[in-house]
Amino acid sequence: MKSWIAVALMAVLVPVGAISFGSASEDPSTENIMKGLFSKKSGKFNNALKKEIAASPTDWEALQKTTKEIHELGEQLEKAEPEKGSKESWKKLAGKFGEDTKALHEAAEAKELAKVKAAQKSIQTSCKACHDVHKGK
Ligand code: HEC
């Protein structure tokens, strides 16, 4: 009888666990945001964006779709938790990261390739300053 209760409990608890994992994409962790942007194989920033910026003529529709996704991830970074470091510093650095991804998307919306590249560069050079303070080993 007891084991029957355990099975019934598992049936209730397991889906609850699955749901809370499933919603991670709506409120992603710092790790998921970083992977979504910078994973070697599939990160939006160092794959799709790079190719679309280099393409000639520019496929603005494709580029805007990518910068939109990058901005959506970027603006959530401030709400996510860093591995270490102070809240004040995180607010500043993750906040700037959100601003940079916003500038990137706005430049793509305006079809201004020079500004797209400037925002790309600003993001590209922000990694170390933040990792030094907020990324664990
Ligand atoms: C505002 C802060 C911030 C900026 C800017 C930033 N990162 Fe990160 N990054 C982090 C933190 C914090 C982690 C650790 C995440 C964790 O595992 O919880 C991390 C982790 C990573 C990881 C490891 C993800 C994994 O698989 O666990 C990669 C790759 C990465 N960052 C790439 C980059 C690159 C490339 C840039 C710049 C183009 C960059 N990051 C800019 C904060 C930042």
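Start with the largest nonpolar core of this predicted model. Select Leu37, Leu49, Leu63, Leu104 and Val116: of the 21 residues in the core, these touch the most other members. Next, color the elements that give two or more residues to this core: H2, helix H3 (45-54), helix H4 (60-74), helix H5 (87-109) and helix H6 (113-124). Which of them should you look at longest? Try H5, since the largest share of the core, six residues, comes from H5.

Now zoom in on Leu37. Leaving aside residues up to four places away in sequence, Leu37 touches Gly43, Lys44, Phe45, Asn46, Ile70, Leu73 and Phe97.

Then move to the ligand and show the residues around it. There are 19 of them, and Met34, Lys35, Cys127, Cys130 and His131 come nearest.

Center the view on the iron atom of the ligand. Which protein atoms are its donors? They are SD of Met34 and NE2 of His131, lying 2.0 to 2.3 Å from the iron. Six donor atoms surround the iron, and because they subtend angles of 86 to 179°, the arrangement is octahedral. Trace the two protein donors back to their helices: Met34 lies in helix H2 (residues 30-38) and His131 in helix H7 (residues 127-134), so the pair ties together parts that are 97 residues apart in sequence.

Turn on the surface for a moment. Met34 is partly exposed, at 23% relative accessible area, and His131 is also partly exposed, at 34%.

Finish with two polar side-chain atoms. One belongs to His131 and lies 2.8 Å from a nitrogen atom of the ligand; another, on Glu83, lies 3.4 Å from a ligand oxygen atom.

Note on methods
Residues numbered from 1 in each chain as written. Predicted model: local features only at pLDDT ≥ 70, side-chain atom pairs only at ≥ 80, totals over all residues. Heavy atoms only, no water. Donors = N, O, S within 2.8 Å, 3.2 Å for Na, K, Ca; no water. Tetrahedral: all angles 85-135°; square planar, octahedral: opposite > 155°, others 65-115°. Helix = DSSP H or I, 4+ residues; strand = E, 2+ residues; numbered from the N terminus. Buried < 20%, exposed > 50% of the residue type's maximum accessible area, 1.4 Å probe, protein only. Core = buried A, V, L, I, M, F, W, Y, C linked by side-chain atoms within 4.5 Å. Contact = heavy atoms within 4.5 Å. Near = heavy atom within 4 Å. Polar contact = N/O pair within 3.5 Å; in protein donor to acceptor, adjacent residues only side chain to side chain.
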